[in-house]
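Thank you all for making time this morning. I would like to walk through one structure with you, slowly, and to take up a few residues and elements in turn.

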Amino acid sequence: MTGDGAVSEGQAVGAGGGADHIRTAAAQRGQDEGNQEDLVSNDCIDHVYHSLLSQLNQEHAEIRLSAFQIASELFSRSHHFRTLLVDNFQEFLELTVETDSEQPLPPPKEVARKLRALAIQTVQSWQASYGTAYKKLALGYHFLKQVKKVDFQDAEARTVTERRREEERQRKMQRIYKERVEAATNDMEEAHQDIEATLTEMESCMKLLLPRFDHTDVQTTDSSPSNSQPADELTPDDEQPCCSKDLQDDKKEEKTQGGEERGKKKKDKGGTEEKRDNRENKKAKKKKEKSSEDEEEKKKREMDEGQSEGGEEEEEDDDDEESSEEEEEESRDLFIRNSGLISHSYNLDLDLSSGLHVRETEDNEAVVSTVIDLDKLITTKHLPAVQGWIQVFTKAGAEEQLLRRALDLKKSLEAALQKHKELHIDYKTRIRKSLKASSDAEDSDDDDGDFDEVPEKEGYEPHIPEHLRAEYGLDPSPSTSAAPIPKKTPSKRPAPPARPPSSSSSSFPSRRLKRLIEQEEEDPTCAAATLRLLRHKVHLPAEPAQSSSTSSGPSSSQSTSDQNAVDAPVVPFGLDLYYWGQEQPNAGKIIKSTSQHQFWVPINTEEEVENKELLAESKSRYITFPGTFIPVSHHCRAPLGNGQLCQRQDRLKCPFHGPIIPRDEEGRPSRQEDRRREEKEERRKLEAQPDLWDAEMMRDIELATGADLGSESLGKKKKGKKKKKYPNLSDLKQNANTARSRLEKKVFNKGSMRRVADAMSKSDRRKHEKFSNQFNYALN
Amino acid sequence: MLGFLTARQAGLDDPLRLRRAEATRRVLCLKLNPDRDVDRIHGNGINTIDIEAVEGRYMLSGGADGVIVIYDLENFSGKLQYTCKAVCTVGRSSRYVHKFSVETVQWYPYDTGMFVSSSFDKTMKVWDTETLKPAEVFEFEDNVYNHHLSPIARKHGLIAVGTKNPKVQLCDLKSGSRIQVLQGHRAEVLSVRWSPRYEYILATASADSKVKVWDVRRASGSLFTLDQHNGDKSKASAEAVNTAHNGRVNGLCFTGDGLYLLTTGTDDRMRLWNSATGENTLVNYGKVCNESRKRLQFTVSRGCSPEFVFVPCGSSVAVYALHTGELVTMLRGHYNNVDCCEFHPDYQELYSGGKDCNILAWVPVLRAADVEEESNRENKGATGQSTVNPAFQDAWSSDED
């Protein structure tokens, strides 16, 4: 730019074309910058700037954030970019810092907040490094600082109003939290005792079940578990009993016949091995080859161990006795053979890794059921409550003491649960046992029989729902444990006169129940007391009443008149019974008066008319025969998604799986045609509703193989969505899918609106029709 | 430039011609200059500024918080970098301060010893600059939107006051009383302006979309009402007859010679009228964003060969060529709406105030780099350049790093 420029400029001014001048000035500046050895030309920067700005204008905070990050990088690099950006700094701030309240940052909210904070931080750093050089940047910074009152130290980068709102919100939340903490504290105070009691109970139950709960040294004391459990049997692995026995024999052998070992071994070698199975045989042989010193040492050690275990002594003594008897009875050879085989470092594999097993027996049944109840109480009530408290405390930042207490509670509860789990209580055996027990425990049956004899009466509910049974002082249905029980009919309806013994409840609950009932009968407010009263009242005539109620149909047995009287149906009194066995005198006759007048009647005009229908009516009687109710005893048993079988008990047709058909163990229809029909149905369902997941997978496969498998037709709907286009952007429309919006879609859609409008206008019109002749209604 | 100089030397040209050319050139180079700052005194939006005509040295500004500040614009330091200091302030601590937003401030045209301010607290105060005390307070029934003293009046000392009341009031400085009322508008009067050519001619703009031109000696009514359709009945609907805009008219400005009158309205239009005939010149300025509910203060350059209009437009100041309507440039620097701007005719500087509390000085940026200097600098090499300002350096990371 030399004199030429000045001349042209002067001309331009003279001509009044100011813009020209500006253009030339800009060009010159551009040239200046071009002179510097820039790697990037200003055109590129211009282009980048404009595309960035267009991205910044997108209504998506994530896009803006990304664009802003690029911009901040470029800003620190290029002077040209800085000038461009600073020239348009207002808009830039509007788009990133939300300076214009009418242009809020677009969703998603968290990203917008992040963008804002980042932008404010960046502006501050820009101001620090470039503020003096770029006036507008400094102005913008001051604008933010003084007009928008942005606190640059504040990490949250909020304006004053925002901060105030935030404070208010915080205060509100704090108040709520405080209330919650107080409530939780109160709850905890109240429930603490309860939980403690539960825990102690649980603990003591555990102790009862397993006096020494900790694992003893399994390697050395094979018999200790069984020894330490007086009430329960430990269930070791199948072969363990025999093994241990052998070993004990072996030990005893060593004790008693320490010196004979050589001979025994020799005899062993002598070959009675064929009676033992092969494996042991080989093992023994291998062992035998070892040096004798080794063997001796081992034996000694075993003996020592055996003696050191005080608890074992008894048992071993028992074994000793046993074995001595055996000794006497059995042949010496066999014995030697046994001992010989084992004595050579028989490798004992006592697999107790699966933990303890507690088998439920009659003796510990009460304890086990209490444990189960307690376990359920803890898992369903205490633990969730404690967890809730902990949540409240942590959220509200309550004092540490409370939190620690709650945590302690939780820990102990969990420990108790864990302990219970480790017990591996065998519930199935419990049921079996209980059934067995109930079958031979007659008295319990009698108890139930007592209940059954009580006839139906007003105020007494024949049906008591399962969950109310305990409340009524009745036998809590024994099916509370997880395992399914063979069907039981605990119903108190008078139907079954003789119940199968297997269907009665377990012996323990009934026994306990009896006690319970006795107690409760003392209490006049209890249902049981009423029950007893009723029983007393009705006991004597109970038998006939019962039989009469049970045999509602015409009884076939005509043996005795007594029986007859018992079987006779009770019917409401009627005309036919009044004239039972006689001719009804004026049945079906109506006095017909010719005059309708009430008092002004001519004499002797009455006239009797016979009506056939009336006659028949007075002699006939309706007897309704509903039949007896037979409870459904079968299940649907169609296979469910979770691998179980459908447990619905419908008479003919399951609402989910159609007509009930015979099925095998796995829920497959046992008849061929049923199976075929079911398969067909399945196929049709699959075809009608192609799985989206399937379509996606197909598409993946297609991408991988490059072959068209027809996923296009499967997932056509999904295509063309924006989400597909930008999978990393969070979908803004997603959060529009709320209950409210869905309802809105239904309520405010055009059709329903029109329907409502139609209905309303119709009702309006009806009003007009109704009062159409009255002009004042017609007007409005 | 050289051409002008030689012509001037040879006496071919009128001296005015060179002056105009240079003034125009400077106006076209108006930029936000880091060398010129104005003290940030106002804690709230700035509604009005005024530069005195006597020396062109002091500037008044009135803020939305009622504060009035006087700045010294003259730079005696000899350096480029200059911050216009606030000479004195009628702050919130003063007992005479306006209670509410100051809408208009104006120097007394012949002396800086006096200025007049009007505010939304329904008063207009005549201040003594020395003591910063009001010498006279006029009280009104309504908010005062605007007042104006005639810049050339020698035979009268009237202040025209536009208030929320449709009646335009004339206050006499000599007697300190309201002496006359001009009736004719039907809504609040947002702007009043004396003609700089004839001392009795007054233009008023109102929210009823009308602009009236008055001769204050005539009691019967206005001289004429500006009509955007120039009396063409076919174009105007019945209610739009005799209207200057299709919305509120909130800005009025005579050109320096008083021959033309500019109006702005909330219909986002600016119109140029012949002030003698009231004829719409139909210059098309395009869209001039204007959402202000109050008065908009805009200005016209003086002493340029094509004159320019500086009009606030959103958060920037638009510069139009007066007679062609061409948008010359947008001066972008404010971060919120601009409410007022004032042209300094001596230095071709523009001062603008906005809601972002800033008063920005737009100073002509002349091409600093002359030919000789540039060659010198080239000789010096890149080091010389980097000393200018490190912030202007690029900092590209190269691939080798």
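Let me begin with D373(A), which counts as partly exposed because 17 C-beta neighbours lie inside 10 Å of this residue, whereas 20 or more would be needed for a residue to be called buried. I should say straight away that what you are looking at is a predicted model, and that the values I give are computed from it. D373(A) sits in helix 17 of chain A, which runs over residues 365-396. If you look across from there to M202(A), you will find that the two residues are 171 positions apart in sequence, while their C-alpha atoms are 9.6 Å apart in space.

Let me set beside this a residue of the other chain, D227(B), and ask: is D227(B) buried or exposed? It counts as buried, because 22 C-beta neighbours are found inside 10 Å. D227(B) belongs to the loop that connects strand 18 (224-225) with strand 19 (249-254) in chain B. Setting aside the neighbours within four places in sequence, D227(B) is in contact with N242(B) and T243(B), and the C-alpha atoms of D227(B) and N242(B) are separated by 4.3 Å, although their positions lie 15 residues apart along the chain.

Now let us step back to chain A as a whole, where there are 32 helices and six strands. Of its 780 residues, 19% are buried, and among the contacts in chain A with a separation of 6 or more, 60% are made by residues 24 or more positions apart. An unreviewed UniProt entry places a coiled-coil region at residues 174-201 of chain A, and in the model this span is 100% helix and 0% strand, with its end C-alpha atoms 38 Å apart.

For one example of helix packing, please find helix 7 (residues 109-130) and helix 8 (residues 135-147) of chain A, whose axes are 10 Å apart and meet at an angle of about 135 degrees. These two helices of chain A, 7 and 8, are therefore oblique to each other, and their crossing is left-handed. On the side of helix 7 the contact is made by V123(A), W126(A), Q127(A) and Y130(A), and on the side of helix 8 by L137(A), A138(A), G140(A), Y141(A) and L144(A).

Chain B has four helices and 29 strands, and 44% of its 401 residues count as buried. Here the unreviewed UniProt entry gives the annotation "repeat: WD" to residues 95-137, 182-217, 242-283 and 331-362. Two of these spans can be described from the model: residues 182-217 of chain B are 0% helix and 50% strand, with end C-alpha atoms 11 Å apart, while residues 331-362 of chain B are 0% helix and 59% strand, with end C-alpha atoms 8 Å apart.

Finally, which residues touch the most other members of the largest nonpolar core? Of its 93 residues, they are F308(B), V309(B), F310(B), V311(B) and Y320(B). V311(B), not counting residues up to four places away in sequence, touches T264(B), M270(B), V288(B), F298(B), A318(B) and Y320(B). There is also a second, separate core of 37 residues, which includes A71(A), F75(A), L85(A) and V97(A). As general background, nonpolar side chains tend to be buried together in soluble globular proteins.

Notes. Residues numbered from 1 in each chain as written. Chains lettered and ligands numbered in written order. Predicted model: local features only at pLDDT ≥ 70, side-chain atom pairs only at ≥ 80, totals over all residues. Buried ≥ 20, exposed ≤ 12 C-beta atoms within 10 Å, placed from the backbone. Contact = placed C-beta atoms within 7 Å. UniProt positions renumbered as here; feature names shortened; annotations may be inferred. Core = buried A, V, L, I, M, F, W, Y, C linked by C-beta atoms within 7 Å. Axes fitted to C-alpha atoms, helices over the stretch in contact; angles between N-to-C directions. Parallel < 35°, antiparallel > 145°, perpendicular 65-115°, else oblique. Left-handed = near helix turned anticlockwise from the far one by under 90°.
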